[in-house]
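Hi everyone, thanks for coming. I'd like to walk you through a structure that may be new to you, so let's put it up on the screen.

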Amino acid sequence: MFDITCYAQKAAEIVQAGQFLYQRGWSPATSSNYSARIDDQHIAITVSGKHKGKLGNDDVMVVNLDGEAVQSDCRSSAETLLHMVVYDLYPDVGAVLHTHSVNATVLSRYLSEQDHITFADYELQKAFAGQLTHEGEIVLPVFANTQDIPALAALSREYLAARPETPAYFIRGHGIYTWGKDMEECLRHIEALEFLIECEIQMIRISK
Ligand SMILES: CSC[C@@H](O)[C@@H](O)C(=O)COP(=O)(O)O
Ligand SMILES: [Zn+2]
């Protein structure tokens, strides 16, 4: 069983993250899903279909690492399996955030021929854990959108297992997934990624 105090703390972090991400315009309406690790067997995750700017602690439930509900009759996020892939592959990950910003949606659609988006020569790359210089590259895969979440889970597992340095991925026309050792780091990654995406869009705009 899981520690109820730890669950309550993770639920509060998720609720707060939702308010921040909604206010920034990165989690409109009922889009997005968020999770945080309670222990090596249990994950706190948003209930499916909730408005992420108006979450209450009851909108965060517990699942095991197979994505099955624990002590709850609620339905967890439709994309629970995508979160579980990250927790399963990376034992040090403590939080996963999925968002739906306009910019992430637009850039991944605009670069329709690319199955990766690469960020290079941005100082802000250093906001990602382990990035010590602007001189490296951050390569993020772009997976095709699908309603077949088990298939997307399998695809993301294959990619991330082979390239564990990957800090995030896009789903084309849909949004991004990113993660971190805790909620604070994960929120930093989202914010940095949104900055980099905005820069790329502006670079494309001025180059026209
Ligand atoms: C509002 S449509 C978005 C959903 O299809 C999905 O992509 C999403 O991000 C939220 O699904 P959820 O089941 O609430 O976690
Ligand atoms: Zn989504």
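**A buried histidine and its surroundings**

Let's start with His98, which is buried, having 25 other C-beta atoms within 10 Å. Please keep in mind throughout that this is a predicted model. The cut-off for calling a residue buried is 20 or more such atoms, so His98 qualifies.

Where does His98 sit? You'll find His98 in strand S4, which covers residues 95-99. Setting aside residues up to four places away in sequence, His98 touches Ser32, Asn33, Glu79, Gly175 and Tyr177.

Why start there? UniProt, in an unreviewed entry, lists His98 and His100 under "binding site". So let's turn to His100 as well. His100 is in the loop between S4 and helix H3, residues 102-110. Is His100 buried or exposed? His100 is buried, with 21 other C-beta atoms within 10 Å. Again leaving out residues up to four places away in sequence, His100 touches Trp26, Ser27, Pro28, Ser31, Ser32, Thr105, His174 and Gly175. If you compare the two lists, Ser32 and Gly175 appear for His98 and also for His100.

Now for some wider context. The same kind of record, an unreviewed UniProt entry, places "domain: Class II aldolase/adducin N-terminal" at residues 12-201. That span is 34% helix and 22% strand, and its end C-alpha atoms lie 34 Å apart.

Next, please look at helix H2, residues 80-89. Eight of the ten residues of H2 are buried, so the helix is largely enclosed by the rest of the structure. The buried ones are Thr80, Leu81, Leu82, His83, Met84, Val85, Val86 and Tyr87. What do they pack against? The partners are strands S1 (33-37), S2 (42-46), S3, S4 and S8 (175-180), together with helix H4. So S4, the strand that holds His98, is one of the elements packing against H2.

Let's stay with H4 for a moment. Two packed helices are described by the angle between their axes and the distance between the axes. For H2 and H4, which spans residues 149-162, the angle is about 25° and the axes are 9 Å apart. That makes H2 roughly parallel to H4, since angles under 35 degrees are counted that way. The crossing is right-handed.

Which residues of H2 and H4 meet? From H2 we have Leu81, Leu82, Val85 and Leu89, and from H4 Ile149, Pro150, Leu152, Ala153, Ser156, Arg157, Leu160 and Ala161. By class, this contact has ten nonpolar residues, one polar and one charged.

Just before H2 in our tour of loops comes Cys74, found between strand S3 (60-64) and H2. Cys74 counts as partly exposed because it has 17 C-beta neighbours inside 10 Å. Beyond its neighbours within four places in sequence, Cys74 is in contact with Val47, Met61 and Ala69. Its C-alpha atom is separated by 9.7 Å from that of Asp58, 16 residues apart along the chain.

Finally, two backbone details. Ala29 has a positive phi of about 55° although it is not a glycine. Ala29 is in the loop between helix H1 (4-23) and S1, and with 10 C-beta neighbours inside 10 Å it counts as exposed. Asp121 also has a positive phi, near 70°. Asp121 lies in the loop between strands S5 (116-120) and S6 (137-143), and counts as exposed with 9 C-beta neighbours inside 10 Å.

Thanks for listening!

Definitions and conventions: Residues are numbered from 1 along each chain as its sequence is written. Chains are lettered from A and ligands numbered from 1 in the order in which they are written. This is a predicted model: local features need pLDDT of at least 70, side-chain atom pairs count only at pLDDT 80 or more; totals for chains, interfaces and linings use all residues. Axes are lines fitted to C-alpha atoms, for helices over the stretch in contact, and angles run from 0 to 180 degrees between N-to-C directions. Helices (H or I, at least four residues) and strands (E, at least two) are DSSP runs, numbered from the N terminus. Angles under 35 degrees count as roughly parallel, over 145 as roughly antiparallel, 65 to 115 as roughly perpendicular and the rest as oblique. A crossing is left-handed if the near helix is turned anticlockwise from the far one by less than a right angle, and right-handed if clockwise. Two residues are in contact if their C-beta atoms, placed from the backbone, lie within 7 Å. Ala, Val, Leu, Ile, Met, Phe, Trp, Tyr, Cys and Pro count as nonpolar, Asp, Glu, Lys and Arg as charged, and the others, Gly among them, as polar. A residue is buried if 20 or more other C-beta atoms lie within 10 Å of its own, exposed if 12 or fewer, and partly exposed in between; C-beta atoms are placed from the backbone. UniProt positions are given in the numbering used here, feature names are shortened, and annotations may be inferred rather than shown by experiment.
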